[in-house]
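Here's a relaxed walk through one protein chain, written for someone meeting it today. Have a look at the model first, then read on.

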Amino acid sequence: MSTSAPPAARTIIERAYIATVDPAGSEFAVGFVVVDGTTIVAVGDGSSPQWARDGLTPDGVGATRDSSRASIRLIDGRGHLVTPGLINTHHHLYQWLTRGYAQDSILFDWLTSLYPLWARIDAELVEAGALGAMAVAAKSGCSTVGDHHYVFPSGAGDILGGIVKAAGELGVRIHATRGSMDLGQSQGGLPPDFAVESIDAILAASGEAVERYHDAGRGAMAQIALAPCSPFSVTAELLRESAALGRSLGVRLHTHGSETVEEDAFCLSKFGKTPTQYLEDLDWLGSDVWMAHCVHLDDHAIGRFAATGTAVAHCPSSNARLAAGIARVPAMLDAGISVGLGVDGAASNESGQLGTEIRMAVLMNRLGAGADRMPGRTALRMATMGGAKTLGRDGELGSLEVGKLADLAVWKIDGVEHAGILDPVAALTLGAQPPLALLLVNGVAVVEDGQLARVDEVVVASAVARASTALALR
Ligand SMILES: [Zn+2]
């Protein structure tokens, strides 16, 4: 399926508006970014440096890597905004096959109507759905996709393998999870018994997934985390054992928490605790944990998240679609909590676009906390550095700085949607999503001129349509 040319040894983007999202929030109205191989080697104000255009190393002495290919790609960035590649911290890629279902339900009713369908997935269907979901994410500027997969029907094949393979075909980074459910309806949980697994099977499969697909090295294109689904679909024992296993393997931990008032009521009646108190008692707060939604955190919970370094995946479109509520994100940021953005699964956010989730985060949090409490640049920071911190990749992703990996998005802002706008960053944070001129991941073009560079979109779309129909008929 790959149709791309070999990546340029050096890519120079110049005369663009650069929003670095570095710690100082540096922006250059007319600036440049220089990429060598997988790494950003220069970023700054004004014209690109002479050494870069001459194919020399940053000290101006040696020749750049692979200069024999004379493959310097020079991009005229006039009329464009350059940002770090966006980082999605919460998705359920398989749900791409179940868009449009249960359109007017709240979470528990929505889940109950979809579980029977989801329990019929297999590796082949999930791979098709994952390819579609990640294609749309990439076309909205997303370079790293965090996925939460927790449905593993017996005999369904290597589902995680299909997800990792799809990410590799598109060229995006994947943070996949070996998720789980072990609390069926007969034990007081929400999912039907046929959709859950035993603890022993889950823990064994979790270890295998880490062994097979987790890359702990710099520049990793695939990582694995452990991710029991939610307090109302897993047992306390599974939560505790998963946390211990994840920590012994050195991988991160992820789950849903405090999404709805019904979940609060479930935890209070069953455990006599809020979801945060319950999860903390099971070792599920910590700097290696990120939790999706966190819509209903009280002051105590925000304090505990901040004190323990627990990160949050904020999913405003999904929270609105399911009428879950408005998360207290400005209060979380004030407390020092790392917050990233997530699109959540496409069954509760049929858009699947991360670029537009920035605008949604601005709008929702202004409704929740006031117009001055969610500037556009704060939302952009959540979508980039916030996501990098949430996934534990802030040393190498999330900003345009020398030494970081070359994941960046080039947005066209001189078209009819944005020409003349006062602030180029507002084109992305408040305007229509700008056309994506280029998405680099690890220095390689994944999107060019708004089209996927490495796979045929028509083939992806027809595979998704076939898989969605096949699942609906099962
Ligand atoms: Zn979710």
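A quick word on the annotation before we use it: UniProt positions are given here in the numbering used for this chain, feature names are shortened, and annotations may be inferred rather than shown by experiment. Keep in mind, too, that this is a predicted model.

With that said, the UniProt record, an unreviewed entry, puts the feature "domain: Amidohydrolase-related" at residues 81–420. Across residues 81–420 the chain is 41% helix and 14% strand, and the C-alpha atoms at the two ends of that stretch are 13 Å apart.

**Two domains**

How does the domain assignment split the chain? It gives domain 1 as 10–84 + 399–452, and domain 2 as 86–390. Taken over C-alpha atoms, the centres of domain 1 and domain 2 are 31 Å apart. Domain 1 brings 33 residues to the contact and domain 2 brings 28 residues. Between them, the two domains bury about 2,300 Å², with 59% of that on carbon and sulfur atoms. On the domain 1 side, Val21, Thr429 and Gln433 lose the most area to domain 2, and together they make up 23% of what that side buries.

**Rings that meet**

Now for the aromatic side chains. A pair of aromatic rings is described by how far apart the centres are and by the angle of the planes. With the centres required to lie within 6.5 Å, the count comes to eight aromatic pairs. Here are two of them:

| Pair | Arrangement | Centre to centre | Angle between planes |
|---|---|---|---|
| Phenylalanine 232 and phenylalanine 266 | edge-to-face | 6.4 Å | 75° |
| Phenylalanine 271 and tyrosine 278 | stacked | 3.8 Å | 5° |

What does the pair of phenylalanine 232 and phenylalanine 266 tie together? Phenylalanine 232 sits in the loop between strand 9 (222–228) and helix 6 (236–249), while phenylalanine 266 belongs to helix 7 (residues 261–271), so the pair links parts that are 34 residues apart in sequence. Phenylalanine 232 and phenylalanine 266 are both buried.

In the stacked pair, tyrosine 278 is buried, with a relative accessible area of 4%, whereas phenylalanine 271 is partly exposed at 24%.

There's also a group to look for: Tyr94, Trp110, Tyr115, Trp118 and Tyr150 form one aromatic cluster. And some rings have an arginine for company. Arginine 99 lies over the face of tryptophan 96, at 4.1 Å from the ring centre. Arginine 178 lies over the face of phenylalanine 152, at 3.6 Å from the ring centre.

**A few loop residues**

Most residues other than glycine have a negative phi. Alanine 102 has a positive one, near 45°. You'll find alanine 102 in the loop between strand 6 (86–88) and helix 2 (107–118). Its relative accessible area is 22%, and because the buried class stops under 20%, alanine 102 counts as partly exposed.

Asparagine 442 also has a positive phi, near 55°. The loop between strand 15 (436–441) and strand 16 (444–448) holds asparagine 442. Is asparagine 442 buried or exposed? At 15% relative accessibility, asparagine 442 counts as buried.

Last stop: aspartate 54, in the loop between helix 1 (50–53) and strand 4 (72–76). Aspartate 54 is partly exposed, with 46% relative accessibility. Going from aspartate 54 to aspartate 122 takes you 68 residues along the sequence and 52 Å through space, C-alpha to C-alpha.

Terms used: Residues are numbered from 1 along each chain as its sequence is written. This is a predicted model: local features need pLDDT of at least 70, side-chain atom pairs count only at pLDDT 80 or more; totals for chains, interfaces and linings use all residues. Side-chain values use heavy atoms; hydrogens and water are left out. Helices (H or I, at least four residues) and strands (E, at least two) are DSSP runs, numbered from the N terminus. Rings of Phe, Tyr and Trp (its six-membered ring) pair if their centres lie within 6.5 Å; planes under 30 degrees apart count as stacked, over 60 as edge-to-face and the rest as tilted. Buried means under 20% relative accessible area, exposed over 50%, partly exposed in between (1.4 Å probe, protein chains only). A charge sits over a ring if NZ of Lys or CZ of Arg is within 6 Å of the ring centre and within 35 degrees of the ring normal. Domain bounds come from an automatic or database domain assignment. Contact means heavy atoms within 4.5 Å. Buried area is the accessible area (1.4 Å probe) that two parts lose on being put together, summed over both.
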